Structures are given as structure tokens and as C-alpha cells.
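Take a look at the model below. This report covers a helix pair, then a single residue, then the domains.

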Amino acid sequence: MRSVPVVAVPVSQLKCGHCAQPLESFKAQHVCPQCGAPQPLSAADTYFSVLGVSPNFGLDASVLEKHFYEVLRVLHPDRFTTFASDLKALSLDRMSFVNRAYTTLKDPTLRRDYLLEVKGFKTAESKTSSSLPAELAEEWFEVQELLLEDPAEARKRLLEFESNLEEFKNQLLEKLAGWERGYDLTQGSGELEKLASGIQTLNYLNSMQRNVERIKANAHPN
Amino acid sequence: MPIQIEVLNAGTPGLQAGPIVGIDLGTTHSLVALVKDGRPQVLNTREGKHLLPSVISFSDESAGAQPVLGFEAKRRKVRDAGHTIFSVKRLLGLGPQDVQKISDALPYEIVGAEGEIRIKMGSQTYSPVEISAMILRELKLSAEQALGCSVSRAVITVPAYFNDAQRQATRTAGRLAGFDVLRMINEPTAASLAYGLDRKRQGLIAVYDLGGGTFDVSILKLHDGIFEVLATRGDTALGGDDLDQAIAQVAAHEIQASQGIDPYADIQLHASLLEAAEKTKIELSINDESLFSVSLNGTTYERKWTRGEFEALVLPILERTRIPCMKALEDARLKPSDLSDVVLVGGPSRLSVVQSLVENIFGRKPNASMHPDEVVAEGAAIQADILAGNNREFLLLDVVPLSLGLETYGGILSTLISRNTRIPTVARETFTTFVDHQTGVDIHVLQGERERVEHNRSLARFKLKGIQPLPAGMPRIEVTFLIDADGILQVAAKDLNTGHEQAVEVRPSFGLTDAEVEKMLAAGLENAEADVEFRRLVDARNKAEPTLRAAEKNLSDAHRILPSEDVKTIEGAIAGLKAALAQNNIQNIQDAAAALNQCTVRLAELLIKDALSSSAKNPA
């Protein structure tokens with residue numbers, strides 16, 4: 001699995017693309033404090049690095065917002081309206097990236113998926129076999145068989161299945177949260193693997209919950 | 001550390017390029033404002049008012065005659081309904097199939113031509129963009145007169161729920177009017193800037209903006225000078241105009257029932273019903289009763305409206321604002337109780353029925369302390385001040401109001417950028433070919449929230465051209481969709497195999513191609529020259545006419561105190577100036593006025609002497 005570097009280049013090594021001034025502070029990676037030029041995005045930039053936060057699952061939302069506002073104040077295209085067009089374009093590009101970064105990191109689910117992605121784990125494509133426990137799978141199979149034969153019994157079993165599903169999902173969410181905390185402490189790749197496979201199961205559970213909702217809605221049009 | 005912005009800020013440093021004004025281009029009226037000493041001020045129009053009614057009248061068809069705008073045009077709305085255009089903002093950026101419902105409610109004739117709509121005025125037709133440009137131009141001239149300098153840069157506001165085509169149309173109108181449109185900002189966001197100018201106002205607010213023809217609701221977070229839009233919803237075809245229409249509709253039905261005539265068949269009568277309806281609406285915002293009255297050929301139709309009747313009539317229309325408000329809160333993941341204020345914007349927000357509805361929707365008394373007509377223009381001026389670099393404390397962060405997507409196989413919309421995404425924003429998508437040696441790929445961009453393509457708004461079709469002829473599926477063209485800070489889409493494409501930039505041909509679904517805009521700009525310059533000539537003529541007349549009046553007035557004294565041949569010379573010069581004025585020739589007027597001045601110098605001297613000696617003889 002290919003791993004995208006997630007740790008930013010130490011800021012002290014960066015130099016302004018316009019006047020070659022070394023860029024030392026967190027804000028300076030965006031706009032050179034010497035000449036005022038917005039800096040081009042580099043392949044090493046991640047959503048974490050541009051917002052000056054560590055690449056972890058847990059994050060202090062107030063720090064994230066504070067950093068975002070700090071970047072916004074110096075980088076937003078409104079600050080470059082009367083500048084040359086190439087500098088305007090740099091601000092536009094970089095600000096678009098920072099906007100995406102903030103949207104992604106602000107949402108715990110998007111943030112988790114993004115961190116796994118930069119670490120080389122794809123969570124969106126969850127076509128692999130599920131790790132649903134056998135008894136849940138069996139219940140689901142029975143409900144589907146009963147739907148045509150005995151709708152009343154099917155409905156009863158569906159509600160039982162729904163609550164078992166919910167319980168299983170809650171247990172999984174707890175495990176996921178534990179693995180996230182574990183990774184933040186140890187940066188161990190074992191946790192990442194567990195998370196990636198756990199999220200595939202979670203996606204499967206979510207789609208099954210939607211199926212249950214659909215069946216319930218069809219049985220009771222009102 | 002010194003920030004040497006001067007180094008990069010080459011070309012157009014703020015002061016040399018003149019001021020940046022803020023413009024509210026409204027459905028019913030427009031305003032221009034500028035920040036002076038840190039406070040936004042609405043500039044006077046050439047009519048000496050704050051508001052410029054967005055009305056334009058072409059009634060005088062004589063050669064060289066200019067259309068009339070503002071209050072003067074508004075007065076002609078009824079008298080000369082066939083030559084007067086209003087509420088043109090409702091038509092901006094629309095295609096022929098969009099306007100059917102609107103055009104039935106407007107007394108002027110709308111014709112569709114090649115995917116574009118035009119308004120018919122006598123023998124001429126005008127596009128909504130051209131009419132909007134004329135309004136903006138009048139504001140430009142007003143600002144120049146008020147400030148005594150040339151004004152060529154502006155921030156123009158648009159309804160937050162305007163789509164890309166409507167924004168493009170507004171920007172084109174600005175260009176045609178001679179403006180460099182530095183930024184377009186959303187009206188409720190502009191209002192929030194004026195509201196938040198007082199830095200003590202912080203927290204989560206809702207802006208309920210019911211204008212003449214559009215409705216927007218935005219939820220914002222105000223924090224330390226950052227104005228962050230969290231969500232926005234709206235309806236670009238709902239406003240105070242609809243309330244007028246409803247009242248006029250009642251009158252039309254009653255006239256039809258009692259007199260057997262359809263008043264809407266007569267454009268003048270249609271216009272007078274709308275005018276009377278507007279008057280009734282405004283009166284009912286102050287009084288409990290209003291008399292609706294129009295004269296029909298010989299007779300008069302009168303109807304007394306109580307506020308209760310009016311409210312019952314319009315409440316169902318106003319209720320249409322409720323769902324957008326709830327959805328905006330939902331999008332922002334907030335409850336009404338999370339808000340610290342609800343700000344009212346727009347003329348119709350003066351109506352008590354609107355205020356009580358808003359209170360009912362948000363569960364709190366709305367804040368009606370802002371000037372509902374002027375707050376948007378003031379906000380535009382503040383944004384202009386930010387862009388000029390004078391205000392480094394404030395910053396707006398806005399969102400895209402509608403999702404942007406691409407047509408995929410089977411006519412399904414695939415969303416690329418979802419609504420309420422912060423702007424600027426970017427999305428990338430890789431395309432390939434389906435046939436061997438295919439060199440072009442068509443891309444259809446749409447805006448909207450519905451699943452099927454035909455239920456969304458077609459924005460543009462792009463053609464990727466000059467792709468290397470390769471087996472199907474081999475080319476990889478990465479297309480970048482960028483929504484800039486104006487909320488307008490920009491597209492760029494790159495061939496990932498070669499790294500070359502790819503040609504993108506843009507065809508807007510409605511409105512004007514770049515070539516058409518260039519053509520109109522060139523024509524606009526010709527018009528501008530004609531305008532300059534016209535203004536010089538007016539100046540020459542204005543200088544000559546007082547000279548003529550003074551000479552005529554003193555002619556009897558001249559007979560008394562001047563030799564008869566001198567009087568004859570003066571009489572000749574008077575006749576010469578009158579003739580020159582009748583010809584409207586600038587040079588002749590100036591020459592004749594100078595000649596008259598020349599030969600009346602002696603008369604003036606004698607008259608002054610005369611006056612002095614008589615006052616010496618008869619002290620008061």
C-alpha cells in the first residue's frame with residue numbers, strides 16, 4: 001500500500017516562492033510575511049499541515065477554528081483584489097484547498113476517512129466481504145424470507161433484528177473510538193488496519209439500516 | 001516585520017484608480033454607497049435622492065433622446081406603460097422557458113430569441129442585461145457627480161440564491177456600464193456586514209431578506225470581524241412585487257366581474273392597477289385602512305382594504321419563506337434558540353405581517369433596527385472598503401447556494417460541489433473518451449439539488465477539444481471546477497498524459513457569449529461618446545440660457561440708455577442665440593452666447609452705474 005507523507009516539511013525549510021525569504025511560522029507557509037506573496041501549494045501539503053494541527057483522529061475544534069480564521073485573514077482572495085493576476089490565482093488556489101481542509105477536519109467522520117486515506121487506507125470502496133457476525137446475518141436472511149410468506153411475523157422479526165443491529169453498531173462505534181485514541185497515543189499502524197476494516201463493517205451496517213427503514217416504510221405507507 | 005505590499009500590489013494602487021463603490025442593484029430600486037471615515041454613506045443620485053427606482057422609460061423617441069431613469073421614469077410607469085421597464089432583475093439570467101409565469105404578470109412585452117429573452121419597447125428590443133447596465137450606468141454617473149471624480153470600480157450585490165447564470169448576467173451588466181466589478185457579494189451577507197460594523201455584535205444570526213423580487217435567508221457566525229456564512233436558502237422569484245400582484249389581481253377580478261372587461265388586456269390599466277396596489281401595500285404598513293382607487297375609462301374603481309384583509313391575502317405568499325428558513329437552520333445544524341438575533345432586510349420587512357411571521361418562524365422578535373432599504377448598499381460599500389485594503393479587520397466567508405454537478409450516463413446529476421460549501425472552492429474530475437481516436441469530450445454542468453438532469457438548471461456545456469487521438473479510455477483529462485469568491489464557476493482542463501493545458505470551450509446555456517459581450521462593450525463606447533456630446537450640449541445650453549434671459553429682460557432699459565444702433569446689435573445677437581439654441585449645435589450656441597455677452601458688456605456697465613446712482617439718490 002502506497003503511503004502519502006502526512007508529516008509536513010518542517011516549516012523552517014520552506015522558502016518564499018517569490019522572494020526566497022525563509023518561512024518560519026505556521027501562517028508564513030501561506031503568505032510570505034516579507035513580501036506578501038501567497039505561496040503555491042506543494043505536494044507535501046495536507047489538510048492537517050495547512051491548518052497547523054497534528055495528523056490525529058482527535059482534534060481540538062476550537063484550535064482548528066482559530067487556525068482557520070488566522071489563515072483566512074491573510075490568505076483570502078479579498079486580500080489580493082488589487083494584486084497582479086498570478087498572485088490572485090495563488091491565493092484562490094490555496095484558499096480553496098484550505099477551505100476543503102477545514103470542512104474535512106471539522107467533521108469527525110470526514111476527518112477519520114481522510115487520515116486513513118493519507119495513510120494509504122481506502123475506506124470509501126467497501127465492496128469487500130463484511131465481517132457481520134453469523135447470527136445477525138442469519139436473522140437478516142430469515143426476515144427476508146418471511147417478508148413474502150408471513151408479513152406480520154416478518155415485521156416482528158424485523159424490529160428484533162433492528163435492535164440487535166443497533167446494539168452491534170454501538171459496540172463497533174466504541175471499538176472504533178478506542179482504536180482512534182490508541183493511534184493518537186502510539187501512532188501504531190495496527191490500529192489503522194483495525195480502523196479501516198472496522199469502518200467497512202460500519203458502512204455495511206449503515207446500508208443495512210437504510211434497508212430496514214425502507215422495508216418498514218413500504219409496509220406502512222403512512 | 002514590514003509588509004512590503006507595494007512591491008506586489010503593482011499596477012493599480014488603491015488611490016490612483018479612484019474609489020471603489022458598493023452597489024445594491026435591486027428589483028425595485030438601486031443604490032450606490034461609499035465608506036467615508038470608516039462609515040458607509042449612501043450617495044445621492046442625480047435626482048438628489050438616496051434611492052434610484054430601477055425603472056427606465058424610453059418614451060421620448062426623438063433623435064438623441066436618452067432614456068429616463070429613476071423617479072421620473074417611475075412617474076411614467078402608468079402614463080407611458082408601453083415604453084417603461086421595471087423589475088428587470090426578475091428576468092436577469094433567465095431563458096425563454098423560465099419567464100412565462102413572470103411575463104404574464106408584467107405589463108411589458110417579452111420576446112424570446114435564440115435562447116435569449118428580450119424586452120420589446122416600441123421598435124427596439126433590449127436584453128435584461130442591457131437594461132440593468134443602464135441602471136448601473138446611472139448609478140455610476142450619480143457617484144461621479146456626488147464624489148467629483150471618475151468612478152470605475154464597484155462591488156455589486158446579488159441575491160444569495162442567484163445561480164451562476166444570474167451572477168454572470170449581473171457581472172456582464174456591470175462591465176457594460178463601464179465598471180470593473182471587483183466582487184459580487186450576496187445581499188444578506190452584505191447586510192450582515194453593515195449590521196456587524198458595530199463590533200459588539202457577535203454570535204449566530206439569521207438575516208431574513210425579503211426584497212422587491214427575491215427572498216434570501218442566511219445564517220451567519222460573526223466572530224472577531226469574520227463574517228462566516230454557515231448556510232443560505234432562498235427563492236429568486238418571491239418578493240414584495242408578489243404582494244402588489246396579489247392586490248392587483250383582486251382588483252382585476254372585481255373589475256372583470258362588474259364591468260366585463262379584462263383590465264390586464266390594457267397595458268396602461270395593468271400598470272395603474274400595479275401602481276395602486278403598491279400604494280395600498282405601503283399605506284397598510286402604516287395605517288389600518290387604505291383606499292384602492294383607479295380610474296377606468298370614465299368611471300372609477302374603488303375598494304377599501306383593511307389591514308386584516310390584506311394580511312389574509314398575502315400571508316399564504318409570505319408563508320413560502322418559512323421552509324427556506326427552517327432548511328437554512330437545518331443546514332447550519334442549529335436550532336432557532338441558538339440564534340442571538342434575527343435581522344430584517346428589504347422594504348417589505350416594514351410590514352407588520354412580515355415581522356410577526358418572522359417572529360413565528362424563529363421564535364424571537366426580529367431586529368428591525370437596520371434601515372431596510374439601505375443596509376445592503378452600505379454592506380457593499382464596506383466590502384469595497386475591505387477590497388481596497390482600508391479595512392483589514394473584517395472578512396467575509398461565503399458559501400455556494402446551490403450544488404454544482406455534471407450530467408452522467410442516463411441523465412442523472414452527479415454532484416461535484418455540494419451547496420453551502422465555503423467559497424472559493426475547487427473540485428477535480430478525470431474524463432476519458434468512449435470511442436477510439438475521439439478528440440473531443442462534451443461536459444454538461446448543472447446547478448441544483450434534484451436527481452434528474454432536466455429538473456436542474458443547465459449552466460453551461462463545455463467541450464474539451466484537441467485531445468490526442470488514442471484508443472478509447474486511454475486519454476485522461478483532468479477538469480478543474482473552481483468556484484471563485486464571486487460564486488462564479490471557472491473551468492480549466494489538463495491532459496494528465498502530456499501535462500498540457502487543454503482547450504475548454506464554454507457555451508453558457510443562457511445569456512451572452514464573450515464575443516457578444518465584447519460587441520456590446522464596443523457599442524457601449526459609441527454610446528458613451530454620444531453621452532459625452534449630449535452632456536456638453538446640456539452644459540452649453542445651461543450657460544447660454546441665463547445670458548439670453550438677462551439680455552431680454554434688460555432690453556427695455558437698453559432702449560433708454562443706449563444708442564439705437566447698439567440696441568439693434570443686441571437684438572441681432574439675441575435672435576442669433578435663439579436660432580443656435582433651436583439647432584442644438586454646441587459650437588453655434590457657444591459662439592452666439594459669446595457674441596451676446598460681448599455686445600451687452602456696455603449695457604451691463606451702464607445698468608450697474610444706473611443702479612448705483614439711483615440707490616445713492618434714494619437711500620433706503
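## A pair of crossing helices

In this predicted model, helix 9 (residues 307-318) of chain B meets helix 11 (residues 352-362) of chain B. Their axes come within 10 Å and cross at roughly 45 degrees. That angle makes helix 9 of chain B oblique to helix 11 of chain B. The crossing of these two helices is right-handed.

Which residues make the contact? Helix 9 of chain B supplies E311(B), V314(B), L315(B) and L318(B). Helix 11 of chain B supplies V353(B), V354(B) and L357(B). Sorted by class, the contact has six nonpolar residues, no polar ones and one charged one.

## A residue in helix 15

Now turn to A573(B). This residue is found in helix 15 (residues 564-583) of chain B. Is A573(B) buried or exposed? A573(B) is buried, because 22 other C-beta atoms lie within 10 Å and the cut-off for buried is 20 or more.

Leaving out residues up to four places away in sequence, A573(B) touches A595(B), L596(B) and C599(B). T600(B) is 27 residues from A573(B) along the chain. The C-alpha atoms of A573(B) and T600(B) are separated by 9.4 Å.

## The domains of chain B

How is chain B divided? The domain assignment gives domain 1 (18-239 + 318-397), domain 2 (240-317), domain 3 (404-512) and domain 4 (516-617). Domain 1 of chain B is thus listed as two stretches, 18-239 and 318-397.

Taken over C-alpha atoms, the centres of domain 1 of chain B and domain 4 of chain B are 43 Å apart.

Methods:
Residues numbered from 1 in each chain as written. Chains lettered and ligands numbered in written order. Predicted model: local features only at pLDDT ≥ 70, side-chain atom pairs only at ≥ 80, totals over all residues. Domains from an automatic or database assignment. Helix = DSSP H or I, 4+ residues; strand = E, 2+ residues; numbered from the N terminus. Buried ≥ 20, exposed ≤ 12 C-beta atoms within 10 Å, placed from the backbone. Contact = placed C-beta atoms within 7 Å. Axes fitted to C-alpha atoms, helices over the stretch in contact; angles between N-to-C directions. Parallel < 35°, antiparallel > 145°, perpendicular 65-115°, else oblique. Left-handed = near helix turned anticlockwise from the far one by under 90°. Nonpolar A, V, L, I, M, F, W, Y, C, P; charged D, E, K, R; others polar.
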